[in-house]
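Reader: I would like to learn how to read a few features of a protein model, one at a time. Could we start with how strands are put together?

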Amino acid sequence: MHRILILWAVVLVSLISIAPAMGAQPPISPDTEACIECHLVYHPGIIADWQRSRHANTTVQEALTVQGLAKKVSSGQVPEALRTTSVGCAECHGMRGDAHADTFEHNGYDIHVVVSPDDCATCHAEERKQYKDNIMAMAHTNLADNTLYNDLERTILGKMAVKAGRLAIEPADASTRAEACYYCHGTRLTLAGTEVRDTDVGELSFPIITGWPNQGVGRINLDGSRGACSSCHTRHQFSIETARKPDTCSECHAGPDVPAYKVYKVSKHGNLYSSHSSGWDFKPVPWTVGKDFSAPTCAACHVSLVVDENGEVVSERTHTMNDRLGWRLFGLIYAHHQPKSADTAPIRNKSGLPLPTDLDGTPADTFLIGADEVEARRATMQRTCLACHGTTWVNGHFARLDHTLGVTNSQVRTATQLLETIWQKGYAQGPAKGGSPFDEAIERRWCDTWLFYANTIRFNSAMAGGGDYGVFDDGRYPLSSAIMEIHDWLKLRDMAEKAK
């Protein structure tokens, strides 16, 4: 009882201290007010973030009156009960309770812990629909359901031990996987029961959720939906500004496997961002090139609704994110056309492996977009480029990228031919003999050629990055060195065999 009295005293003082800020906001629903009364004490950072959010400072009804490109609520029908107050705790954590496996009774309210994209779709239906078609939304399944990727993951994350004189690799435990590959790809959330905790307001029951916490882009949620809007629009401000800044994308795209952020930082675009972004305005919708910002960020090229100073649309807003991309630079094992479907698990090359190309580079065309679609997507991307660059510059840039894709694929083919010879001679146990293509040192060196070096060269070219990433820093120098090492390793084994 003493603790409860102290708690309510703190609550009253806190409410008085924020009264001016609260008074400046639109009406708050009684249910959200009840949440704030306690969580202002226990989680003041959450409440402060929410108070700064657009959700806290407008009502859905006001947002629905916005016309034209500035409109942010894309759902045609929003429940009347949600229209007249700010969008607060109860509005997000109390919706669609029957759909969420983690719904539980909490101080007289039925709430769920994990807010999903299907909850956000109540107001943002179009964005939700677009994201559903995004390869990111399938990131968990595309990794978990691909046996070849599972094997690569096992050899990277698994526990290594020497048994009977040989190196053995055991599968990684769930905790390791959750903070490694599935940190970005997204975990599968499941309800594992409930637990009772002794809190300052007495004993309370809470759900136990395996795979939590996680904000991976392909997270499988407790209502069956895929994805996490908070991957980019971080809780609880859900800021457009945060989503538009490259730092957000860097959380998963830092490299060396997907080195977009590090390449961007040393590019001329990244240089301009570092020098001038303090004077840019990241909040307006639509986003005006030349006025709000003067050099692209990740969002400007891949996501945002961009207009020129006359209000003409340069790029439509999209949450599909690869619909401006014809080529998939990330080599698996070779750069290739984007997949037709966000669900890549069914892809099989001509050898039956779950890869978008064969080991000789032949694309699995049945599963990939065609040349016409590649050109259409390139034209969409080039409209953004042309807002700042002349046609000659833009055409020259993409011609150089095409050349780079061809050369890196050729180099990877050379490395792969050497490894195939190693497998054929029995110097390593490849997939044809039931072995893993990733669990021996020479195979791992082959992985370096396409997973790190070729990828870095491609991303450096695509994003007009600094020359060092194209040459010495995970670029052409280590790529050529790795090919030499594989070649010399093979020749040394040949010599050893002849000497027997």
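Author: Happily! Two strands pair if DSSP finds at least two bridges between them, and the strands themselves are DSSP runs (E, at least two residues), just as helices are runs of H or I with at least four residues, all numbered from the N terminus. Here an open sheet of three strands runs in the order β7-β8-β9, with mixed pairing. Its edge strands, each pairing on one side only, are β7 (287-288) and β9 (313-315). This is a predicted model, in which local features need pLDDT of at least 70 and side-chain atom pairs count only at pLDDT 80 or more, while totals for chains, interfaces and linings use all residues. Residues are numbered from 1 along each chain as its sequence is written, and side-chain values use heavy atoms, with hydrogens and water left out.

Reader: In which sense do β8 and β9 pair?

Author: Strand β8 (residues 306-307) pairs with β9 in the antiparallel sense, over two bridges. If you want a spot to look at, find V306, which stands opposite S315 in β9.

Reader: At the bench I always think about cysteines. Which of them does a disulfide join?

Author: A disulfide is a covalent bond between the sulfur atoms of two cysteines. The rule used here asks for a pair of cysteine sulfur atoms within 2.5 Å, and by that rule the count comes to one disulfide. C184 and C252 are the partners, with 2.2 Å from S to S. Their link is left-handed, with -105 degrees about the S-S bond. The pair ties together distant parts of the chain, 68 residues apart: C184 belongs to helix α11, and C252 lies in the loop between α13 (246-249) and α14 (260-266).

Reader: Which cysteine sulfur is nearest to that of C35, and is C35 buried or exposed?

Author: C35 is in no disulfide, and the nearest cysteine sulfur, that of C89, is 4.5 Å away. Burial is read from relative accessible area (buried under 20%, exposed over 50%, partly exposed in between, with a 1.4 Å probe and protein chains only). C35 has 19% relative accessibility, so it counts as buried. C229 is also in no disulfide, the sulfur of C120 being the nearest at 3.7 Å. With a relative accessible area of 34%, C229 is partly exposed.

Reader: How do I read empty space, and what lines the second largest pocket?

Author: Rolling a probe the size of a water molecule over the atoms shows where empty space is left. On a 1 Å grid over the protein atoms alone, a cavity is a set of points where a 1.4 Å probe fits but cannot get out, a pocket is an open set with protein on both sides within 12 Å along at least five of seven lines, and lining residues have an atom within 4 Å of a point. Points are joined across faces, edges and corners, and a volume is the space filled by probe spheres set on them. The second largest pocket has a volume of about 300 Å³. Of its 15 lining residues, A174, R177, A178, T187 and G211 are the closest to its centre. Helices α10 (174-179) and α11 (181-185) are the elements that give two or more residues to this lining, and α10 gives the most, with four.

Reader: And what volume has the largest cavity?

Author: The largest cavity has a volume of about 40 Å³. Its lining includes N146, Y149 and R328.
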